[in-house]
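Q: Please take a close look at the largest pocket of this model, and then place it beside other features of the fold. How much space lies in the largest pocket?

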Amino acid sequence: MSLWRFRVQGTPDGDDTAMEHLARTRSERGELALSRRPSGDLELRVNGVFVMDTADVTTERMLAAAALRTCADPAAVLVGGLGLGFTLAEVLADPRVERCVVVEIEPDVVTWMRDGTVAHGPELLADARVEVLVADVADVLMAASAEFDLVLLDVDNGPGYLVHERNRELYEQPALTRLCRALRPGGVLAVWSSAPAPELHEALSATFAAVQVSALPVRLQDRDEEYVLYSART
């Protein structure tokens, strides 16, 4: 889930009284609420702030599509962050993918996808290639060894827009050095950022064999934005 998305998109209709509240829960990170708008679109909020919806999934799909283009053979993929599943769906649409591990820190988000509260969730997670881990993505990556061809980090939207402060270390050189070990030779780490992140670029360049920076234009709610994809190869 990306903090920048709530800054860009805002709250589309702003009328909570018109919403059908489907589920609400609280974790150590705060309150999560899933609602349905009169249009039928779902909306996810964290601590009362809009996070994502099913009305515009451009950035979620673009992250996966752009990252997959950087990897010659993405047989084993890790996706950091399940959200409402659209990054995962784009990964599974690639026939080269044989295994996809999705790491989501909020257990109730996984439950809502599995039990049909999010209607497209059960079919998506039933794909035989999918393994869902309820955990902190940093812990999973630090424990892995030469396991993945492609890692997509979408838990934040780059180091400048953190969902949780503890994620900051993910983008710093010590953690990136350990994360590099989770990738197979020639594997790629893809980090989605809402804006250029020079310090991240520097840390990646000091850790990986090659780093590619791609500017990706997107249009959200009639506004032109430019996101950045950092692709680092072992």
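A: In this predicted model, the largest pocket holds about 220 Å³ of space. Its lining is made up of 15 residues, and those closest to the centre of the pocket are Pro159, Gly160, Ala197, Glu199 and Leu200. Helix H8, which covers residues 198-207, supplies three residues, the largest share of this lining. Sorted by class, the lining of the largest pocket comprises eight nonpolar, four polar and three charged residues.

A second feature to consider is a sheet. Four strands make up this open sheet, arranged in the order E1-E2-E3-E4 with antiparallel pairing. Strand E1 (20-27) and strand E4 (49-53) are found at the edges; each has a single partner strand, so one side of each has no neighbour in the sheet. On average, and with direction ignored, neighbouring strands of this sheet are turned by 20 degrees against each other. The antiparallel strands E1 and E2 (residues 30-36) are joined by seven bridges. Glutamate 20 stands opposite arginine 36, a residue of E2. Helix H4 (residues 107-114) packs on the sheet and touches E1, E2 and strand E3 (42-46). The direction of helix H4 makes about 145 degrees with that of E1.

Aromatic side chains form a third topic. A pair of aromatic rings is described by the distance of the centres and the angle of the planes. The count here comes to one aromatic pair. Tryptophan 192 and tyrosine 227 form this tilted pair, with 5.2 Å from centre to centre and 45 degrees between the planes. Because tryptophan 192 belongs to strand E9 (residues 183-193) and tyrosine 227 to strand E11 (residues 223-233), the pair ties together parts that are 35 residues apart in sequence.

Terms used
Residues are numbered from 1 along each chain as its sequence is written. This is a predicted model: local features need pLDDT of at least 70, side-chain atom pairs count only at pLDDT 80 or more; totals for chains, interfaces and linings use all residues. Side-chain values use heavy atoms; hydrogens and water are left out. On a 1 Å grid over the protein atoms alone, a cavity is a set of points where a 1.4 Å probe fits but cannot get out, and a pocket is an open set with protein on both sides within 12 Å along at least five of seven lines; lining residues have an atom within 4 Å of a point. Grid points are joined across faces, edges and corners, and a volume is the space filled by probe spheres set on the points. Helices (H or I, at least four residues) and strands (E, at least two) are DSSP runs, numbered from the N terminus. Ala, Val, Leu, Ile, Met, Phe, Trp, Tyr, Cys and Pro count as nonpolar, Asp, Glu, Lys and Arg as charged, and the others, Gly among them, as polar. Two strands pair if DSSP finds at least two bridges between them. Axes are lines fitted to C-alpha atoms, for helices over the stretch in contact, and angles run from 0 to 180 degrees between N-to-C directions. Contact means heavy atoms within 4.5 Å. Rings of Phe, Tyr and Trp (its six-membered ring) pair if their centres lie within 6.5 Å; planes under 30 degrees apart count as stacked, over 60 as edge-to-face and the rest as tilted.
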